[in-house]
Amino acid sequence: MVAFSSVLLALSGAAAVLASPLELITRSTPQGTGTHNGFFYSFWTDGKGSINYNNEDGGKYSVQWTNVGNFVAGKGWNPGGAKVVNYTGTWNAGSVNSYVSLYGWTRNPLIEYYIVESYGSYNPSSGTTKKGTVQSDGGTYDIYQTTRVNQPSIDGTSTFQQFWSVRTVKRIGGTITTQNHFDAWSKAGQKLGTHNYMILATEGYGSSGSASITVSGP
């Protein structure tokens, strides 16, 4: 995983956390995981900068961030798995370090995965091993694999593999057929385990920006 790609952890937090003598994180939805209007959500931050994450109606969420260290937030399902995911929205972070992706975890084996729809100034494929390509939902995605050593995960500090599908033509909004990616990863020797959560996530690192995303699916 690249330096700013972090993980979504089931952490609980206060509504306001002092990040430094001069910085205060504010948010209307506390950091952590839960359900809202029939969707699972997760919001994680490393405690730097200013972040306001809001769960809105249905599968909608919005987030604004300023001078953050790292955060990941979004709505989806727990468990995830084979779904046809539809999403729409806006993402005002195309020139900074940020992703919009379908993001999830499995156990046995412990795998962190990304289906990246758009990214900003840093290409998440940098420093990874390319394993192939997959055609899905009107686009081409490059397949990559990386290893994280002694890093945070849904099971605490662990060493685990990351699987990536990175769309070659960026977009915000469309359909993601997850099984197409799962099958392509499997053919490349990248085996998933039992699905844990999966969200349509916005992630930012060392940046400022905003996003408003609505996700839907079975």
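The side chain of E112 makes a polar contact with the side chain of Q162, at 2.3 Å. I should say at once that this is a predicted model, and that the distance is therefore a property of the model. E112 itself lies in strand β10, which runs through residues 111-119. Is E112 buried or exposed? Its relative accessible area is 0%, and because buried means under 20%, E112 counts as buried.

Let me turn to a second glutamate, E203. This residue is found in strand β15, residues 194-205. E203 is buried, with a relative accessible area of 2%. Its side chain makes a polar contact with the side chain of N70, at 3.5 Å.

Why do I present these two residues together? An unreviewed UniProt entry carries the annotation "active site" for E112 and E203. They span 92 residues in sequence, yet their C-alpha atoms are no more than 14.3 Å apart, so the two gather at one spot.

I now come to helix α1, which comprises residues 178-187. Which residues of α1 are buried? They are T178, H181, F182, A184 and W185. These residues cover an arc of only 165 degrees around the axis, which means that they sit on the same side of α1. The general background is that an α-helix has 3.6 residues a turn, so residues three or four places apart point the same way. After α1 comes G189, and the phi of G189 is positive, near 85 degrees.

How values were computed: Residues are numbered from 1 along each chain as its sequence is written. This is a predicted model: local features need pLDDT of at least 70, side-chain atom pairs count only at pLDDT 80 or more; totals for chains, interfaces and linings use all residues. Side-chain values use heavy atoms; hydrogens and water are left out. UniProt positions are given in the numbering used here, feature names are shortened, and annotations may be inferred rather than shown by experiment. Helices (H or I, at least four residues) and strands (E, at least two) are DSSP runs, numbered from the N terminus. Buried means under 20% relative accessible area, exposed over 50%, partly exposed in between (1.4 Å probe, protein chains only). A polar contact is a pair of N or O atoms within 3.5 Å; within protein, one must be able to donate a hydrogen and the other to accept it, and residues adjacent in sequence count only if both atoms are side-chain atoms. The arc is that of the directions from the helix axis to the C-beta atoms.
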